[in-house]
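Q: I have a model to read and would like to start with its cysteines and then look at a helix. Can you take me through it?

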Amino acid sequence: MDATTSSGASSSLPLHLIVDDTLSLVSPLQQSYQRSQRHCFGDSAPGEFPLAANPSIVLHVLTSCNLEPEDLAHLEATCKFFRKPANFPPDFLLSMSELAAFDMCQNRAIFKPMGTQEKEMFKQRCGGTWKLVLRFITLGEACCRREKSQAIAGPGHSVAVTASGAAYSFGSNNSGQLGHDRLEEEWRPRPIRSLQGIRIIQAAAGAGRTMLVSDAGRVYAFGKDSFGEVEYGNQGSRVVTTPQLVESLKDIYIVQAAIGNFFTAVLSREGCVYTFSWGGDMKLGHQTEPNDVQPHLLAGPLEDIPVVQIAAGYCYLLLLACQPSGMSVYSVGCGLGGKLGHGSRSDEKYPRLIEQFQTLNIQPVVVAAGAWHAAVVGKDGRVCTWGWGRYGCLGHGNEECESVPKVVETLSSVKAVHVATGDYTTFVVSHKGDVYSFGCGESSSLGHNTAIEGNNRHSNVLSPELVTSLQRIDERVVHVSLTNSIYWNAHTFALTESGKLYAFGAGDKGQLGTELVEHRSERGTPEQVHIDLN
């Protein structure tokens, strides 16, 4: 063990000078025996790393404990055993912590199919170490619940994905967006049977359209046959009622899809962003026809910077970028209302860094793009919002617009881990599993249906309020999804730690996954959707 470590005067002492009080109570012979029992691997003397003579056990412990990349870096910084070459294949020069990071990457579905050269190029793009690759992968998993259960509250229809990768859909089906080879609405969640045997790891739902991403990096789309149109426009007149492989993406390994109102964006395994449609006037850095079906690499500064998450609003795109120096957020598209976060209302044809997070000393870890406003959760648990402030959706106690990210001070005592945005609505999930919401109360989608307390469930909420109806389910909520469309009444899903799904809000098309009482079109309190997502 190194003689000096990162903190504290006492921690700078060599380990062999620290006396074990329990040994002072026994005889010298017993002390010698107990020490030999402690250091049963190799001939280690007190003060040496006891498992140094059996590094395979150390490697097993590091990988099985699923340590964070930062933890592996700390081990390297404080102990030379973890810095020196481990003499293990595939690279005998890799340190123990680097080898552990590599092994944990190998366990990921998106990493396994890569060839040796692809992996090396991937490593260089992420910053040159396997710890940075692991950080990139785990951040993407956390942002999008990739390879975990999830539920998406789309415009009038819903998609749920189990932990094993089975996809269910329910709700409006006028364009075949449920994927059941029919056009009838369905309030009961039904598995998409044509995808049997294909493991889905991520889903996206737009107006009349659904996209699913498999663990093989393939994208399946169904519903309106268009990558971007106004909901009631003339495009997308042809409908697709069963999932079809997106042929133009078959040579790109995709891990996330996001559907805006005028465009579609996808994120590759390597952190590259591609967009479809809405190319007129170079709105997304390329000049194309509105019904273009070819993906175009998002040009600009992010061509050389890996992106871990994308979020699509009505007419703009947010991108969470990952660099060795830290996390950052870029935006591109329509700037009306200040929703691009640059202090103005100007459009951006190429991704532009939102500099305000550096001023606020916030490391963004989750981004959310509502129809007209945006939000970010920082690593320290702070929440920032910006854009149109109508109905109080920014949570600052008013309806003012904010053209740069602003911390939601009402949540200063809450450590947030997740944020979701819709059409003038925002939800925040704390590390304790509590849920807060604010903004437009239409269709009961905020969850504040408290008739007992005399409140109007349709009233707007200008500052974050605890969703007490979700506390009554007595389970920790880990994720929230809500409708992000200006054309549809909103509904909301809350997913618990045990995989239970609860729904509330508009349900007139069956999008809640539960049957409503006759003549009712919405549900004000959460009701469990009967799908076993685990």
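Q: Is cysteine 393 buried or exposed?
A: This is a predicted model. In it, cysteine 393 is buried, because its relative accessible area is 0%.

Q: How many disulfides does the structure hold?
A: Start with the general idea. A disulfide is a covalent bond between the sulfur atoms of two cysteines. Here, the structure holds zero disulfides. Cysteine 393 is in none, and its nearest cysteine sulfur, in cysteine 401, is 8.5 Å away.

Q: Why is cysteine 105 not bonded to cysteine 126?
A: Check the distance against the cut-off. A disulfide needs the two sulfur atoms within 2.5 Å. The sulfur of cysteine 126 is the closest one to that of cysteine 105, but it lies 8.3 Å off, so it is too far for a bond. Cysteine 105 is also buried, at 0% relative accessibility.

Q: Now the helix. Which residues of H5 are buried?
A: H5 spans residues 116-126, and Lys119, Phe122, Lys123 and Cys126 are buried there.

Q: Why do they sit on the same side of H5?
A: General idea: an α-helix has 3.6 residues a turn, so residues three or four places apart point the same way. In this case, the buried residues of H5 lie on the same side because they cover an arc of only 100° around the axis.

Q: What do the buried residues of H5 pack against?
A: They pack against helix H4 (96-106) and helix H6 (130-144). The face of H5 turned away from its buried side carries exposed Gln117 and Met121.

Q: Which residue follows H5?
A: Glycine 127 does, and its phi is positive, near 130°.

Definitions and conventions:
Residues are numbered from 1 along each chain as its sequence is written. This is a predicted model: local features need pLDDT of at least 70, side-chain atom pairs count only at pLDDT 80 or more; totals for chains, interfaces and linings use all residues. Side-chain values use heavy atoms; hydrogens and water are left out. Buried means under 20% relative accessible area, exposed over 50%, partly exposed in between (1.4 Å probe, protein chains only). Helices (H or I, at least four residues) and strands (E, at least two) are DSSP runs, numbered from the N terminus. The arc is that of the directions from the helix axis to the C-beta atoms. Contact means heavy atoms within 4.5 Å.
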